[in-house]
Amino acid sequence: MTPVEILDEMGKLFPNARCELAHEDNYQMAVAVVLSAQTTDASVNRVTPALFAKYPDVYALANGSLDEIADCIKSLGLYRNKARSIQGMAKGIVDRFDGKVPDNMRDLTSLPGIGRKCANVILSECFNVPALAVDTHVNRIAKRLGLAKADDSLMDVERKLKRKIPRDRWIQAHHQMIFFGRYLCHAQHPACKQCPFTGICLYLRKKAK
DNA sequence: ATCCCGAGGG
DNA sequence: CCCTCTGGAT
């Protein structure tokens with residue numbers, strides 16, 4: 001199967017693959033994606049309504065009390081780091097980018113809490129820039145389906161996927177692989193009986209012997 | 001016990 | 001490269 005054929009199959013399984021972080025603007029998206037580290041989107045969506053009601057924009061978040069911000073997001077875990085990150089990010093956006101979420105990799109990753117993965121998500125979701133964010137799901141799926149090697153770094157995986165997938169499908173591919181990983185090819189106990197890729201799956205092959 | 005749309009620091 | 005941060009869901 002070619003990479004594009006694999007993606008087409010995923011598209012049939014999950015035709016509604018899209019960003020599941022609830023957000024109404026770029027500010028909310030940037031905050032939500034930073035909060036999403038090591039947590040489920042569902043958990044993030046549980047805390048963001050109150051967070052955004054209390055801090056409706058970057059200026060409010062930049063000027064908020066760090067303890068109160070942390071309190072809003074406590075149920076997510078890593079909450080002290082995340083509180084520092086989102087407030088530092090808000091301050092950086094206010095001080096250096098005129099209150100607007102930047103639209104390029106270098107500026108985004110200069111902000112606290114935003115690494116390459118979050119920057120890629122923001123670029124694609126907020127600005128429709130061709131990007132392919134490699135998160136835990138994309139990493140796992142790419143390796144199980146032989147699109148990358150088991151010991152490849154996240155950057156290696158991103159490069160290989162970008163080489164194998166047409167640019168105009170990068171954003172869609174990201175969501176398709178996430179949905180496939182989140183709802184079928186789980187980290188533990190993947191639903192192999194429903195999977196169309198058992199013929200090429202390295203996880204299954206390894207498991208068999 | 002393991003994983004969840006990671007980043008920063010050593 | 002490694003480690004730490006962290007609570008909730010399964």
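Start with DNA strand C: a backbone N or O atom of Leu 78 sits 2.9 Å from a base oxygen of that strand. That is a polar contact here, meaning a pair of N or O atoms within 3.5 Å; within protein, one must be able to donate a hydrogen and the other to accept it, and residues adjacent in sequence count only if both atoms are side-chain atoms. This is a predicted model, where local features need pLDDT of at least 70 and side-chain atom pairs count only at pLDDT 80 or more, while totals for chains, interfaces and linings use all residues. Side-chain values use heavy atoms, with hydrogens and water left out, and residues are numbered from 1 along each chain as its sequence is written.

Here are some polar contacts to both strands.

| Residue | Protein atom | DNA atom | Distance |
|---|---|---|---|
| Gly 77 | backbone N or O | sugar or linking oxygen, strand C | 3.4 Å |
| Arg 80 | side-chain N or O | phosphate oxygen, strand C | 2.6 Å |
| Asp 135 | polar side-chain atom | sugar or linking oxygen, strand B | 3.1 Å |
| His 137 | side-chain N or O | phosphate oxygen, strand B | 2.5 Å |
| Arg 182 | polar side-chain atom | phosphate oxygen, strand B | 3.4 Å |

On the strand B side, helices H8 (116-127), H9 (136-144) and H11 (170-183) each give two or more residues to the nearby surface. Helices (H or I, at least four residues) and strands (E, at least two) are DSSP runs, numbered from the N terminus. A residue is near a strand if one of its heavy atoms lies within 4 Å of it. By that count 26 residues surround DNA strand B, with Asp 41, Gly 113, Lys 117, His 137 and Arg 140 the closest. Sugar and phosphate make up 69% of the strand B atoms that come within 4 Å of the protein.

Back at strand C, the surrounding residues include Gln 38, Arg 46, Lys 74 and Asn 81. Helix H6 (residues 79-96) supplies the largest share of that surface, three residues. Of the strand C atoms within 4 Å of the protein, 62% belong to sugar or phosphate and the rest to bases.

Now for how two of the helices pack. H9 and H11 meet at an angle of about 85 degrees, their axes 8 Å apart; axes are lines fitted to C-alpha atoms, for helices over the stretch in contact, and angles run from 0 to 180 degrees between N-to-C directions. So H9 is roughly perpendicular to H11, a label covering 65 to 115 degrees. Among the residues making the contact (heavy atoms within 4.5 Å) are His 137 and Arg 140 of H9 and Arg 182 of H11.

Conventions
Chains lettered and ligands numbered in written order. Parallel < 35°, antiparallel > 145°, perpendicular 65-115°, else oblique.
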